[in-house]
Amino acid sequence: MNEARVDLQEKIRQGRVTVAIIGLGYVGLPLAVGFARAGVRVRGIDVNLDRVARINAGVSHIPDVPTEVLAPLVAAGTLRADTEFQQCAGADAAVICVPTPFNRMKAPDLSYIEAASRSLAPHVAPGALVVLQSTTYPGTTEELVRPILEATGRQVGRDYLLAFSPERIDPGNQHFSAHNTPKVVGGVDEASREAAAALFGILVSPEQIHRVSSPRVAEMCKLLENIFRSVNIALVNELAKLCDRMHIDIWEVVDAAATKPFGFMPFYPGPGVGGHCIPVDPYYLSWKAREFDFYTKFIELAAEVNSSMPFYTANKIADALNRQAKPLRGAKILILGAAFKRDIDDPRNSPAVELMRILLSRGAEVGYHDPFVSEVHLDEEPRPFVSPVSRLRSMPLGEGLLAAQDCVCLAVAHSAFDVPWLLKHSRLILDATGVTRRFPADGGTVIRL
Ligand SMILES: NC(=O)c1ccc[n+]([C@@H]2O[C@H](COP(=O)([O-])OP(=O)(O)OC[C@H]3O[C@@H](n4cnc5c(N)ncnc54)[C@H](O)[C@@H]3O)[C@@H](O)[C@H]2O)c1
């Protein structure tokens, strides 16, 4: 095995390595492109036939991966996608980037990792490295992935290498991407850790590789990062509710506190948390913690506060209408933004979409506009409240549309939104993003969260 390890590292040094990326979504495709741009031969595997066909046609489905960057890599044969796992047989390394959602009861759904590991297992080449990169609870690499890979008779350390390395991609972030964000690696043994360090050393400089003692530490590290955000966002959301009652502008408070050059990091309130990470990953840990008779109170409290925010926002809209002697039922409300955060096209677990569901279930006439999200589905899973419509399409934004609204709610601060223009043409704006604080009010009423 030592020879295989040296061989892998030597191959990496010589640029002769082939890497398989399993799952070509928001995480996998940028990673595949990062390796391919570094001259590595990449074989991407995804069960989604459409996705694979588009990638092989050189067309990107991920905004952070421009088609102009993807197309030449595909044309040169450096990057190819497939639905068949046989196509990654012989790869020197395989990185698993499949989804880790939760189920209706907010328990981890590891079926994607399980399925991907099962499909990959027969094709792991002797001495190859397998890295799990999906966010999950501590123990997954060793307790779930390892037994599946070893059911084929292989043994880690003797026949193959196994590590965990968390993904830190921040979609839409213009400053940090896969090539300049430090990478944490934890292997089940030293050889696995060093192989993973060498593999990701293709993407980032050696100083940006941070080694930890085990996959569990690396898995926990990612959860700490996300729980840190969840808890701090919850703190400021709770203070936003208090400030509202005390007639203090929370945005002004956070901006003021942020002038402190040490010991403070600004977090801002909003209509809730969304996406694939912040509202999901903390539950992975609270679920696993129960196995140890441990109850993660901060995680639960943060989830409680953050998941109350779409309801709080809906109530703020109802209050604002009430002040104008209008009921919420029958009111025309336009939601600006459907993505889970600014300047991205991803509406997964978006609080803006949750807000639409709540307002619709309370009888409002809801429409939305988002330059990046053309359609949202409101019936994806059963909710405690029932939305009378199952999907909405983004409406073209114009003066006429704004003028026809009883209330416009800024739910996402996309930089494409022309805020002074919105202020000029809207009668009533509920700003859940704080973006209007940088502009003078212009005619209509503006209420901030
Ligand atoms: N999106 C983010 O910003 C982000 C950031 C950090 C970590 N993560 C984590 O990375 C992981 C992947 O997230 P994502 O946003 O890229 O998900 P995604 O849904 O965008 O992509 C996952 C891809 O995996 C494919 N897939 C599903 N099952 C498969 C299987 N058995 N074999 C092969 N392919 C399969 C899907 O078709 C899809 O294309 C998750 O664990 C997530 O929590 C995501």
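**Ligand shell and sheet: a briefing**

Around the ligand, the shell is made up of 15 nonpolar, nine polar and three charged residues. The model is predicted. Its strands include eight that form an open sheet with mixed pairing. Two helices that pack on this sheet are α6 and α7.

**Around the ligand**

- The shell holds 27 residues, of which G23, G25, Y26, V27 and S134 come nearest to the ligand.
- Helix α5, spanning residues 111–120, supplies the largest share of the shell, with four residues.

**The sheet**

- Strands of a sheet are joined by backbone hydrogen bonds and pair either parallel or antiparallel.
- Here the strand order reads β3-β2-β1-β4-β5-β6-β7-β8.
- At the edges lie β3 (79–82) and β8 (209–212), each of which pairs on one side only.
- From one strand to the next, the twist averages 25 degrees.
- Strand β1 (residues 18–22) runs parallel to its partner β4 (residues 93–96), and four bridges connect the two.
- On β4, A94 is the bridge partner of A20.

**Helices on the sheet**

- Helix α6, residues 140–150, packs on the sheet and touches β5 (129–132) and β6 (161–164).
- The direction of α6 makes about 150 degrees with that of β6.
- Helix α7, residues 190–200, also packs on the sheet, where it touches β4, β5, β6, β7 (183–187) and β8.
- The direction of α7 makes about 155 degrees with that of β7.

Conventions. Residues are numbered from 1 along each chain as its sequence is written. This is a predicted model: local features need pLDDT of at least 70, side-chain atom pairs count only at pLDDT 80 or more; totals for chains, interfaces and linings use all residues. A residue is near a molecule or strand if its C-beta atom, placed from the backbone, lies within 6 Å of it. Ala, Val, Leu, Ile, Met, Phe, Trp, Tyr, Cys and Pro count as nonpolar, Asp, Glu, Lys and Arg as charged, and the others, Gly among them, as polar. Two strands pair if DSSP finds at least two bridges between them. Axes are lines fitted to C-alpha atoms, for helices over the stretch in contact, and angles run from 0 to 180 degrees between N-to-C directions. Two residues are in contact if their C-beta atoms, placed from the backbone, lie within 7 Å.
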